[in-house]
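Welcome, and please take a look at the model below. The report that follows walks through some of its features one at a time.

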Amino acid sequence: MSLRLSTGGRLIDRTTPVSFRFNGRHLKGVKGDTLASALLANDQMLMGRSFKYHRPRGVMAAGPEEPNALMGVGRGERFEPNQRATQQPLTGGLTAQSQNHWPSLEFDVGAINARLSRFLPAGFYYKTFLFPRPAWKHVFEPVIRQSAGLGRPPEGPDPDRYEHFNVNVDIAIVGGGIAGLQAALIAGRAGKTVLLMEQTAQWGGRAPVDGDLIDGGPAQAWIDAAVADLAAMENVQMRRETMGAGVYDHGYLLAHETLSHGVPEGPRQRLWRIRAGHIVTATGAIERPIPFAGNDVPGVMLASAVRDFVVNYGVAPGKRTVIATNNDDAYRTALALLYAGLSVPLIVDARPEVTGALPEQARARGVRIEAGTAIAKVKGGKRVEGVALCAQDGEGAVTEEVVCDAVAMSGGWSPVPHLWSHCGGKNTWDAAQAHFAPDPDRAPTGADGSAFVTAVGAAAGTLQGDVALGSATARIAALVDVSADAPAVEVAAEAPLAACWMMPARASYELRSKMFLDFQNDVKVSDVQLAAQEGFVSVEHTKRYTTLGMATDQGKLSNINGLAILAQELGEEIPNVGTTTFRPPYAPISMASIAGEARGEIFQPLRRTPMHDWHEAHGATWEPVGHWRRPYAFPRSGESVHDAVQREVKNTRQNVGLLDASTLGKIIVKGPDAARFMDMLYTNMMSTLKPGKCRYGLMCNENGFLVDDGVVARLDEDTFLCHTTTGGADRIHAHMEEWLQTEWWDWKVFTLNATEQFAQIAVVGPKARDLLHSLGGMDLSKDALPFMGWVDGTIAGIPARVFRISFSGELSFEVAVPANRGRALWDKLVEAGEALGVMPYGTEALHIMRAEKGFIMIGDETDGTVIPQDLGLDWAISKKKDDFIGKRGQQRSFLAADDRWRLVGLETLDGSVLPDGAYAVAEGTNANGQRNMQGRVTSSYHSPTLGRGIAMALVERGPERIGEVVNFAMTDGSEVPARICSPVFFDPNGEKQDV
Amino acid sequence: MLTLQCPYCGVQCDETELTAGGEAHLTRHGPGSDADTFEQYLFLRENPRGVHFERWRHAHGCGKWFHAARSTTTLRVFGTYKAQTTEPPQQIRDAISAVHPGWSWRNFGETA
């Protein structure tokens with residue numbers, strides 16, 4: 001059984017009990033516990049079920065590499081799935097649930113999968129679920145969906161805040177063990193700005209647990225002094241519970257800080273976006289499990305984790321612990337257990353001879369050590385009951401059985417190379433220590449071509465404390481160009497390990513199919529061997545075929561063992577097989593921390609016109625257009641939006657309507673070469689436009705495709721005002737700047753996006769002139785301001801520029817005033833217009849009126865593959881100009897083909913409204929067996945003016961087929977016939993607008 | 001995430017401040033150009049492993065277009081320069097030569 005010891009536990013405060021709930025049971029831990037240590041103290045070794053076979057699993061590690069003890073923590077909207085119990089601090093009232101089981105952790109139906117494991121081999125998805133095809137929908141998919149997924153989502157929106165910090169530092173150090181602290185001391189004393197981060201809540205890393213002596217005293221004393229020194233330096237920032245998540249190009253580092261484990265007062269988590277001059281990875285090393293049969297039975301743990309639980313939390317995973325190792329370091333666990341008064345009946349060492357200093361200490365205490373021996377099998381189901389032994393150099397014939405309730409295993413240590421590798425740092429195989437370690441000669445390089453990451457300590461492959469501090473000191477001193485002395489470290493000398501990728505070395509299939517490599521995804525030695533036999537010789541392919549290393553722990557425990565097995569199976573050296581790619585984040589971080597403050601109202605900035613508040617107060621329903629919000633319609637009390645739109649159209653056509661057109665793009669093009677530039681930008685001739693006049697113009701890209709349209713006003717000889725679409729203003733301004741700066745940089749032209757400087761109101765309808773005249777100040781008669789003219793003046797005491805342009809076919813004036821006068825003019829128009837029946841109208845009425853007139857809308861009639869000629873706009877393309885942007889593009893043969901889809905109008909035979917985007921079907925099928933098409937609806941509305949559905953469409957050879965009936969396919973399979981007609985449905989001669 | 005120095009305002013820009021504009025030093029071919037020349041201008045682009053010349057705009061800054069010479073493999077930046085030129089300045093070419101002797105890119109470089 002696992003239990004709380006009566007003494008020890010450097011991180012806990014026994015005097016402060018903490019209550020928590022696990023799977024509904026009330027349990028008690030103490031302050032300083034993690035969820036994992038508190039569960040062990042309550043003899044709860046069983047902490048979860050595995051993903052594929054639902055095998056019972058206990059905690060295996062004590063840090064972020066933990067694959068098994070994943071919990072759902074918290075309740076309701078603060079519930080979080082897949083939290084590692086080893087990193088979850090025990091807080092009062094914490095509730096936790098284990099995962100992957102039904103109906104309960106102790107009894108689980110899905111465990112039948114383990115019995116079926118012979119039928120669920122590597123890649124079984126790909127092999128099993130091929131045929132019959134209909135079974136996918138009715139059998140395979142429902143079953144897979146039931147068993148897929150890890151944990152469940154929280155209930156309700158996240159109530160907490162998350163934030164981002166953006167910082168620049170000279171040196172960012174990831175890892176606050178002794179190597180990281182020493183690096184910070186050197187860099188800090190050299191005057192560098194330093195950010196030191198540690199993923200746990202404690203500084204110092206493993207040194208205090210392992211009992212190193214530094215500068216003649218306990219490691220903890222040196223650590224305390226170092227932390228105090230660093231805290232006193234103004235140029236050093238220190239953050240605990242902050243994990244270096246990813247290293248990116250040019251010294252960019254992401255780190256994730258946990259600020260609260262309960263209900264936070266401020267932000268709950270913080271994402272650090274760090275631009276570092278240099279990054280130091282002091283990320284330590286992770287112990288490797290040993291593949292032996294039953295190495296996943298609850299109670300089998302990493303030797304270092306056993307030591308951590310005993311020393312840090314005063315918790316013993318078992319009373320009788322057998323140790324299985326191939327190295328000297330695991331003997332520290334034996335000594336720690338003995339010191340705590342626990343029994344170590346046996347140490348199984350795969351090495352043929354065991355002679356090191358640490359083993360000698362264990363021997364001196366009477367511990368039985370069996371060299372050249374292996375664990376043949378762990379006995380027990382939900383808990384270790386004993387081990388069967390065999391010779392390491394054999395096939396697994398059992399020689400002896402030993403009773404125990406825990407097994408501590410150590411296959412050696414692997415540096416944590418993730419951050420080093422994220423941005424291209426390469427690793428070298430170290431045969432002596434049987435691991436990959438960063439190669440300082442192949443570091444990630446930055447903008448200036450020099451290395452921007454340095455690995456130190458265990459992360460650099462220097463596992464022993466003395467070597468680690470010595471080399472860290474030398475590397476960082478060189479980096480910041482100072483001289484520094486390394487502290488003296490006393491550690492026991494360690495004899496070399498012997499690589500042990502399997503126990504025993506020639507294990508039978510039966511044993512190999514119980515040796516787990518990836519505990520979370522249930523990948524066994526036999527699976528990797530099968531993959532190799534089936535031809536998956538690349539480590540990247542084997543990973544995906546077997547799912548090795550693809551769980552939430554991303555193979556922190558499994559990768560090296562897995563690729564060693566693959567190498568063995570392929571008869572290759574390990575470095576020739578290589579590693580899979582390390583990708584950020586190092587450990588999972590919350591989506592909320594990535595979103596930061598960008599949620600809700602501030603997810604995206606909103607652009608509001610000067611009249612926005614009036615619209616809101618008068619019941620506008622909104623349409624997002626780019627970042628703008630435009631009124632879609634102004635429904636009155638009890639009126640549907642559809643009815644409101646119909647009313648707005650009718651009233652505008654009969655009386656007078658007001659449209660807030662402030663969002664229209666307004667770009668000023670000015671300079672001696674402005675006219676020349678305008679001729680290049682627009683397809684029509686703009687240089688001949690007279691000051692005081694307006695002209696509708698088209699803009700294409702170099703491909704010849706239509707990208708924007710709008711009315712241009714020539715303000716004076718050197719100045720043009722270009723109106724663009726609402727969504728296009730920024731894009732078109734950038735388009736102009738690009739050509740000016742990068743192609744015609746010697747032309748004397750400036751551009752200015754003045755969109756937000758002006759409020760613009762369209763006064764539209766037969767009574768528009770009466771309304772404006774009633775405000776006084778300007779003569780807007782037909783003679784004073786003819787159609788397609790503009791004039792400056794004063795209306796109702798407000799300086800205004802009035803354009804006589806129409807997007808509705810009605811008599812129409814667009815009045816531009818300084819933005820801060822927009823609301824005043826709007827109020828006066830509403831007030832003065834009351835007697836004339838003035839009503840505001842929204843974007844939907846605008847759209848209907850322009851469609852009734854056959855005016856195109858960018859984004860409806862165009863989609864980036866449409867040229868003006870397709871839309872019957874040939875009249876707006878100058879034949880006289882030698883060149884304009886898109887002219888050469890439009891000369892390409894396929895754009896001149898006569899079977900292109902071209903703009904027409906459509907009238908349904910039954911008067912109904914066609915769905916927007918509906919396709920016109922043609923005879924026959926294409927090469928893919930799909931029905932041939934001959935056109936599609938680009939705009940479709942119910943016209944209140946005509947009392948029926950109208951549509952605009954692009955139809956193959958459309959204008960040649962006026963009067964022909966074509967069928968449009970509906971989503972229910974039916975077809976609706978419609979007659980091709982002119983796209984101009986209303987007032988084809990334009991008599992209404994020119995009065 | 002790259003950092004590039006804007007040659008106009010001097011700011012060391014994060015990539016998020018910039019918009020990418022594709023290959024630099026294109027020669028525009030308009031009406032009168034044959035189909036192959038026009039295709040080359042409009043569509044065909046270098047995809048080098050190593051030295052590359054690109055256009056960037058300091059979109060969330062001074063708004064200016066500039067050129068950058070960098071390595072697509074190591075992300076080393078050899079320099080940035082103003083866009084109002086038809087060829088890379090000598091200083092940039094020298095910086096590339098110091099790292100990649102014998103380099104060439106389109107019709108620029110030591111061996112071109």
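Just after helix α14 of chain A, G535(A) takes a positive phi of about 105°. Helices and strands here are DSSP runs (H or I over at least four residues for helices, E over at least two for strands), numbered from the N terminus. The model is a predicted one, in which local features need pLDDT of at least 70, side-chain atom pairs count only at pLDDT 80 or more, and totals for chains, interfaces and linings use all residues. Residues are numbered from 1 along each chain as its sequence is written, while chains are lettered from A and ligands numbered from 1 in the order in which they are written.

Let us stay with the helix itself. How many of the residues of helix α14 of chain A are buried? Of the 9 residues in this helix (525-533), 8 are buried, so the rest of the structure largely encloses it. A residue is called buried if 20 or more other C-beta atoms lie within 10 Å of its own, exposed if 12 or fewer do, and partly exposed in between, with C-beta atoms placed from the backbone. Among the buried residues of α14(A) are V525(A), D527(A), L530(A) and A532(A). The cover over them includes α13 (509-512), β32 (516-518), β33 (523-524), α15 (539-546) and α16 (559-570) of chain A.

This part of the chain also carries an annotation. UniProt, in an unreviewed entry, places "domain: SoxA A3" at residues 513-596 of chain A; such positions are given in the numbering used here, feature names are shortened, and annotations may be inferred rather than shown by experiment. Over residues 513-596 of chain A, the chain is 45% helix and 6% strand, with the end C-alpha atoms 45 Å apart. A second feature from an unreviewed UniProt entry, "domain: FAD/NAD(P)-binding", is listed at residues 170-419 of chain A. That span of chain A, 170-419, is 24% helix and 35% strand, and its end C-alpha atoms lie 18 Å apart.

A separate division of chain A gives domain 1 (3-113), domain 2 (164-286 + 414-483), domain 3 (289-411 + 496-505) and domain 4 (614-882). These bounds come from an automatic or database domain assignment. The centres of domain 3 and domain 4 of chain A, taken over C-alpha atoms, are 81 Å apart.

Back to the backbone, where a few spots deserve a visit. Most residues other than glycine have a negative phi, and most peptide bonds are trans. The table gathers some exceptions.

| Site | Backbone value | Place |
|---|---|---|
| M503(A) to P504(A) | cis, omega near -10° | P504(A): loop between β31 and α13 of chain A |
| P584(A) to P585(A) | cis, omega about -5° | P585(A): loop between α17 (574-577) and α18 (591-595) of chain A |
| D481(A) | positive phi, near 60° | loop between α12 (465-480) and β31 of chain A |
| A796(A) | positive phi, about 50° | loop between β43 (790-795) and β44 (798-803) of chain A |

Is D481(A) buried or exposed? D481(A) counts as exposed, with 7 C-beta neighbours inside 10 Å. A796(A), in turn, is buried, with 21 other C-beta atoms within 10 Å.

Now for the strands. Two strands are said to pair if DSSP finds at least two bridges between them. In chain A, strand β40 (residues 719-724) is mostly covered, as 5 of its 6 residues are buried. Strand β37 (residues 665-670) of chain A runs antiparallel to β40(A) and is joined to it by 6 bridges, with V669(A) opposite F720(A). Strand β39 (residues 706-716) of chain A is also antiparallel to β40(A), through 4 bridges, and here R714(A) stands opposite F720(A). β39(A) and β40(A) form a hairpin with 2 residues between them.

Chain B has an open antiparallel sheet of 4 strands in the order β3-β4-β5-β6. β3 (19-23) and β6 (77-82) of chain B are at its edges with a single partner strand each, so one side of each has no neighbour in the sheet. Strand β5 (residues 65-71) of chain B pairs with β6(B) over 5 bridges in the antiparallel sense, and F66(B) stands opposite K82(B). Helix α2 (residues 90-99) of chain B lies across β4 (51-57), β5 and β6 of chain B, at about 170° to β6(B). For such angles, axes are lines fitted to C-alpha atoms, for helices over the stretch in contact, and angles run from 0 to 180 degrees between N-to-C directions.

Finally, the two chains meet: 21 residues of chain B are in contact with 20 residues of chain A, where contact means that C-beta atoms, placed from the backbone, lie within 7 Å.
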